[in-house]
Amino acid sequence: MSILYIRLPSHVAAEGLQPGMPLYCHYALATAGGAVEREGVAALSELAEPVKRAQRVVLLLAAGDVTLLRVKMPPLSGAKLRAALPNLVEDRLMSDPDECVVVAGEMHGGMRTVAVVNRGWLELLARTLQSLGARSVSAIPAQLCLPLHGDSATAAVSEHGTDADIAVRLAEQDGIGLSIVADQPESLAFEAMQSLAAVVPAAPIVLYVPQPRVRDYQESMHIAPTLEQRIMLHADTWQRWVAGAGKAGVDLMTGLGASAGPKFDWKPWRWPLLIGAALLLVNVVGLNVDWLRLKREEAALNNGMVQTYRSAFPKDPVVIDPLAQLRQKIAGAQRGSGQLAPDDFVALSAALGEAWAGTGQGTPPIAGLEYRDRVLTVKLKSGASAPVDQLNSALASRGLSINESSAGVWQIRRSK
């Protein structure tokens, strides 16, 4: 799984671009374990290929775009916390809270870290990345990605021509951002360090600068010996940002709600879904055609049986179930002519006697007989036993069956 990290210039710098000018940013494509596979500088609109390839896109917002506040608040959670946040920070913001995305971080020492960013800028970034094919987008303040060095402040410079964005981490939950605009590219390094020293007047500073610019910053430090005493220079690397992004603890995209959440990519499933829908439609149509054909056959067969029954028994006014009525007529005719039906009492009793005689067991131990609903119930004497399997075989040859409903009680009926 790949993760795409993008370090953006400040919102103010982006607003200064002319219409149609690309927004250049530093990016790195890394594995889930933090190994950097590719890095470079490109316009945001040109990152469609790595954006589609990455499972997740992590935006490192310029520190100057994100305001970090330490707010004391009651132990709220979930929807109540999100509803209360704008009111809790309103008096500490210079803009309307409705124009900002306000997201709360973790609680530390009874205070909660709150990150604030311009809503319009964040929504624009989210829409841009989603149009490029991003599946999941996170936005993290750059100052919270910097490592901590004891009592020293940590800073990192990101240069954009004659402009520079400086992220400063003052403590575990505190950080600020600076935007530097130099008159000449040669003076950018000195002005950046001077501004940094003014913002952090007392503590030592660990400063990360772009790899190709380390020598320029070292030479600029000689101009002011106090800078050389307070600032420790290091070359910046993407591994440091990747490691810090996983520990930031604040995702500003959550403040946009579902609109910035992961989007399911339907494009790879378009043809399988169309083929599945077509197969489903063919099967539904085929089943309905087959059902209509069977329905017509049933109606034709039923009409044929009704006509046959009416021709045989024209005096019957109502024909509901011709097959059952015909069986009743045949059984009645047989009884009227003196023939016994296979499930009459006499027929069932005679069949039981013949079957028992075939077992060679002597006199059957029968305590009583009961005939009801064309079923002969036989009750055996207490403690008597009988060869049920032999009787069942003998009765089956006569179209009858025997079931033992309870101990010593048999039920003999016509087999269906």
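Me: How much area does the protein expose, and what share of it do carbon and sulfur atoms supply?
Reply: This is a predicted model in which local features need pLDDT of at least 70, side-chain atom pairs count only at pLDDT 80 or more, and totals for chains, interfaces and linings use all residues. Residues are numbered from 1 along each chain as its sequence is written, and side-chain values use heavy atoms, with hydrogens and water left out. Accessible areas come from the Shrake-Rupley method with a 1.4 Å probe, and for residues only the protein chains shown count as cover. The protein exposes about 23500 Å², and the share from carbon and sulfur atoms is 56%.

Me: What radius of gyration does the protein have?
Reply: The C-alpha trace spans about 135 × 55 × 45 Å along the principal axes of the protein. The radius of gyration is taken over C-alpha atoms, and the globule rule is 2.2 Å times the number of residues to the power 0.38. A compact globule of 416 residues would come near 22 Å, but the protein has 45 Å.

Me: What percentage of the residues in the protein is buried?
Reply: Buried means under 20% relative accessible area, exposed means over 50%, and partly exposed lies in between (1.4 Å probe, protein chains only). Of the 416 residues in the protein, the buried ones make up 38%.

Me: In what order do the strands of the open sheet stand?
Reply: Helices (H or I, at least four residues) and strands (E, at least two) are DSSP runs, numbered from the N terminus; the protein has 12 helices and 17 strands. Two strands pair if DSSP finds at least two bridges between them. The edge strands of the open sheet, each pairing on one side only, are strand 5 (67–71) and strand 6 (100–108). The sheet has 3 strands with antiparallel pairing, and their order is 5-7-6.

Me: Which residue in strand 7 stands opposite His108?
Reply: Strand 6 pairs with strand 7 (residues 111–118) in the antiparallel sense over 7 bridges. Opposite His108 in strand 7 stands Met111.

Me: At about what angle to strand 6 does helix 3 run?
Reply: Axes are lines fitted to C-alpha atoms, for helices over the stretch in contact (heavy atoms within 4.5 Å); angles run from 0 to 180 degrees between N-to-C directions. Helix 3 (residues 78–89) lies across strand 5, strand 6 and strand 7, and its angle to strand 6 is about 100°.

Me: Which strands does helix 4 touch?
Reply: Helix 4 (residues 119–131) packs on the sheet, and its direction makes about 75° with that of strand 7. The strands touched by helix 4 are strand 6 and strand 7.

Me: How many residues apart in sequence are the parts that Arg213 and Glu159 tie together?
Reply: A salt bridge is a side-chain nitrogen of Lys or Arg within 4 Å of a carboxyl oxygen of Asp or Glu, and a search of the whole structure finds 10 salt bridges. Arg213 forms one with Glu159, the closest N and O atoms being 3.0 Å apart. Arg213 lies in the loop between strand 12 (205–209) and helix 6 (214–221), and Glu159 lies in strand 9 (residues 153–160), so the pair ties together parts whose separation in sequence is 54 residues.

Me: Is Glu159 buried or exposed?
Reply: Its partner Arg213 has a relative accessible area of 17% and is buried. The relative accessibility of Glu159 is 16%, so Glu159 counts as buried.

Me: Which residues 4 apart in helix 9 are separated by about one helical turn?
Reply: A salt bridge (2.9 Å, N to O) joins the side chains of Arg293 and Glu297. Arg293 is partly exposed at 36% relative accessible area, and Glu297 is partly exposed at 43%. In helix 9 (residues 270–312), the residues 4 apart and separated by about one helical turn are Arg293 and Glu297.

Me: Which residue in strand 17 is the bridge partner of Leu376?
Reply: Strand 15 (residues 375–380) is mostly covered, with 5 of its 6 residues buried. Strand 14 (residues 366–372) and strand 15 run antiparallel and are joined by 6 bridges, and Leu376 in strand 15 is the bridge partner of Tyr371. Strand 15 also pairs with strand 17 (residues 409–414) in the antiparallel sense over 4 bridges. In strand 17, the bridge partner of Leu376 is Ile412.
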